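Visitor: Please take me through one part of this structure in close detail. I would like to know what pairs with what, and what packs against it.

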Amino acid sequence: MKKSIAIIGAGPAGCTLATLLQRQGHKVALFNDSKKTEIFVGESLIPAIIPILRELGVEEEVKKFSVHKPGATVWINPQNFAEASFGGGMGSLPTYAYNTNRKTFDTLLLKTALDSGVKLFEFKAEIETEGDRVLLSDKSLKNCEEFFKEQPDFIVDASGRKRVISNTLKLPSTKGKRMDTALFAHVKERKFNENYGDIHMHLATKGWCWRIPLPDKTSVGLVINKDKLAEFGETLEDQFDNYLKTDPKLKSFFEDVQRVTPIQKYSNYQLASDRIVG
């Protein structure tokens, strides 16, 4: 039986799910909060994503604006590193992935969903509860211009860290023990003397760091206990720049680096809702 489905969040998960459900004949709407801040994290894909890109029919397009990724390189210090190639021990999965421009990637997946017939609503979906049932608010249902003549059969929360349904239902969550903060930005930096294309992960003195080669820049992120970051300045920019310039395990990789974006910040990647269906 065909269902009506509302998906909150038009990121990669929401767009992929919308496309696949629409192709199965369901009636699908995506709700995209157009006021959301553009993010540039999650640019380094893994081999398990490739079959999904193929099913969507977009791998060749992704390939055009991405860097081929054969594996990962882990640095203990500037003199010692080890490579883990996707070619070894991955079973039936492809032996590669891609490092990709997140904005271009998201735009492609959204276009794919719309081309399949998914309806896009460019406003923040408001939800309410009736007992333990999740509903679109009367206002949101009205703004759907009769696309949904009544409440959809399913509402899917693909809002990621916003946890729209979890927060509305006040579902319990589990918080991990580590209180790390991630600061990340894009830089003009081409120092990949070894294993270009890999995601590079560096053991730092007080945390760890990533470098991801993109076609015209490099994604750099620091993951450090939040209390340690305060030692390197008051602003996010000072903390990010000063840490890269002073950490003995990292500074040789970031000589004469020019940061080309503002700093973005995430905290506690370990927060998880205790219930995700129902």
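Guide: Start with an open sheet of four strands, in a model that is predicted. The strand order is 7-2-1-10, and the pairing is parallel. Two strands sit at the edges: strand 7, residues 119–121, and strand 10, residues 154–157. Each of these edge strands pairs on one side only. From one strand to the next, the twist averages 20°.

Now look at helix 1, residues 12–23, which packs on this sheet. Helix 1 touches strand 1 (4–8), strand 2 and strand 10. Its direction makes about 165° with that of strand 2. Angles over 145 degrees count as roughly antiparallel, so helix 1 and strand 2 fall in that class.

Strand 2 deserves a closer look. It covers residues 27–31. On one side, strand 2 pairs with strand 7 in the parallel sense, over three bridges. One anchor to find on screen is A29, whose bridge partner in strand 7 is K119. Strand 2 also pairs with strand 1, again in the parallel sense, and here there are five bridges. For that pairing, find S4: its bridge partner in strand 2 is K27.

How enclosed is strand 2 by the rest of the structure? Four of its five residues are buried, so strand 2 is largely enclosed. Buried here means under 20% relative accessible area. As for side chains, in a regular strand they alternate between the two faces of the sheet.

Back to helix 1, which has a second helix beside it. Two packed helices are described by the angle between their axes and the distance between the axes. The partner is helix 4, residues 102–115. Helix 1 and helix 4 pack at an angle of about 20°, and their axes are 8 Å apart. That angle makes helix 1 roughly parallel to helix 4, because angles under 35 degrees count as such. The crossing of helix 1 past helix 4 is left-handed.

Which residues make the contact? Helix 1 supplies P12, C15, T16, T19 and R23. Helix 4 supplies R102, F105, D106, L109, L110, T112 and A113. Sorted by class, the contact has six nonpolar, three polar and three charged residues.

Elsewhere in the chain, strand 12 gives another view of strand pairing. Strand 12 spans residues 180–188 and is mostly covered, with eight of its nine residues buried. It runs antiparallel to strand 15, residues 218–225, and eight bridges join the two. At D180, the bridge partner in strand 15 is N225. Strand 12 also pairs with strand 17, residues 264–267, in the antiparallel sense over four bridges. There T181 has S267 of strand 17 as its bridge partner. Strand 16, residues 258–259, pairs with strand 12 too, antiparallel and over two bridges. In that pairing, K188 is matched with Q258 of strand 16.

One last stop is A272, in strand 18, residues 272–273. Its relative accessible area is 36%, so A272 is partly exposed. A272 touches S173 and T174, leaving aside residues up to four places away in sequence. A272 and I224 are 48 residues apart in sequence. In space, their C-alpha atoms are 20 Å apart.

Technical notes
Residues numbered from 1 in each chain as written. Predicted model: local features only at pLDDT ≥ 70, side-chain atom pairs only at ≥ 80, totals over all residues. Heavy atoms only, no water. Pairing = 2+ DSSP bridges. Axes fitted to C-alpha atoms, helices over the stretch in contact; angles between N-to-C directions. Contact = heavy atoms within 4.5 Å. Parallel < 35°, antiparallel > 145°, perpendicular 65-115°, else oblique. Left-handed = near helix turned anticlockwise from the far one by under 90°. Nonpolar A, V, L, I, M, F, W, Y, C, P; charged D, E, K, R; others polar. Buried < 20%, exposed > 50% of the residue type's maximum accessible area, 1.4 Å probe, protein only.
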